[in-house]
Amino acid sequence: MISSLTASVNGLVTLASTAINERDTQKLAATRAELTQKVIEVQSKVLSQVGMISDMLTEREELKERIRELEQQLRYRESYRLVSVGTGFCYEFKQVADVTEGSEAEASHFVCQPCLDVRRQKVVLTFSRGRYDCSECKASVRV
Ligand SMILES: [Zn+2]
C-alpha cells in the first residue's frame, strides 16, 4: 500500500512538472484535470494509510496490555510451586525469604491447580473437614 501511494505521489509530481512547462492552453486544461484527479487519488490513499496506522497503533496498545497481563500471570505463577497434597495437587505459596522491614509476609496458603493452570485465575483453597475445596471450579483435594 505504501508503494502504491509512493507511485501515485510520483505521478502527481510528474503531472505538476508537465503542467508548469505546458504552453498549449488545451493541453494545459487536460493536464490540470488529470492533476486534480491525481490529487484526489493521493488524498484518498493518504487517508487510507492514516486509518491503517491508527488501527495498528490501537492494536499495538492492546498487545502491550496483553504482554503486561501475561507478565503479571508469570510473576504470579513464580510465587507458587506445585505440591502433592493427599489425593491431588495444589499450588503452594512460596514464602519470600527477604521480606523487607515494615512489610508483612503473605500467609501460607494453597491455590487451586486447575484454576491457575487452565483458567489463569488464582483461587485460594479453603480447608474444612479434611479436604481443600475450590470455590470456583468446585475441585477438591482430600488430605
Ligand atoms: Zn478451581
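This report describes the domains, the helix α1, the strand pairings and the residue E136 of one protein chain. The model is a predicted one, and every statement below refers to that prediction.

**Domains**

The domain assignment divides the protein chain into domain 1, covering 1-78, and domain 2, covering 79-142. The C-alpha centres of these two domains lie 53 Å apart, and the contact between them involves 4 residues of domain 1 and 4 residues of domain 2. On the side of domain 1 that touches domain 2, the classes are 1 nonpolar, 1 polar and 2 charged residues.

**Helix α1**

Helix α1 runs over residues 2-21, and because its 20 residues at 1.5 Å a residue should span 28 Å, the separation of 29 Å between its end C-alpha atoms agrees with that expectation. The helix is hardly covered, since the count of buried residues among its 20 residues is 0.

**Strands and their pairing**

Strands of a sheet pair through backbone hydrogen bonds, and the pairing may be parallel or antiparallel. Two pairs are set out here.

| Pair | Bridges | Direction | Opposed residues |
|---|---|---|---|
| β1 and β2 | 6 bridges | antiparallel | L82 and Y91 |
| β4 and β5 | 3 bridges | antiparallel | S128 and R131 |

Strand β1, residues 80-85, is hardly covered, with a count of 0 buried residues among its 6 residues. Its partner β2 comprises residues 88-93, and the hairpin formed by β1 and β2 has 2 residues between the strands, with G86 taking a positive phi near 55 degrees.

Further along the chain, an open sheet of 3 strands has the order β4-β5-β6, and its pairing is antiparallel. The edge strands of this sheet are β4 (126-128) and β6, each of which pairs on one side only, while the twist from one strand to the next averages 20 degrees.

**The residue E136**

E136 is found in the loop that lies between β5, residues 131-133, and β6, residues 140-142. Is E136 buried or exposed? With 12 C-beta neighbours inside 10 Å, E136 counts as exposed, because the cut-off for that class is 12 or fewer.

Which residues does E136 contact, when its neighbours within four places in sequence are left aside? The contacts of E136 are then with C112, C115, Q121 and V123. For V123, which is 13 residues from E136 along the chain, the C-alpha atoms of the two residues are separated by 7.2 Å.

Definitions and conventions:
Residues numbered from 1 in each chain as written. Predicted model: local features only at pLDDT ≥ 70, side-chain atom pairs only at ≥ 80, totals over all residues. Domains from an automatic or database assignment. Contact = placed C-beta atoms within 7 Å. Nonpolar A, V, L, I, M, F, W, Y, C, P; charged D, E, K, R; others polar. Helix = DSSP H or I, 4+ residues; strand = E, 2+ residues; numbered from the N terminus. Pairing = 2+ DSSP bridges. Axes fitted to C-alpha atoms, helices over the stretch in contact; angles between N-to-C directions. Expected span 1.5 Å × (residues − 1).
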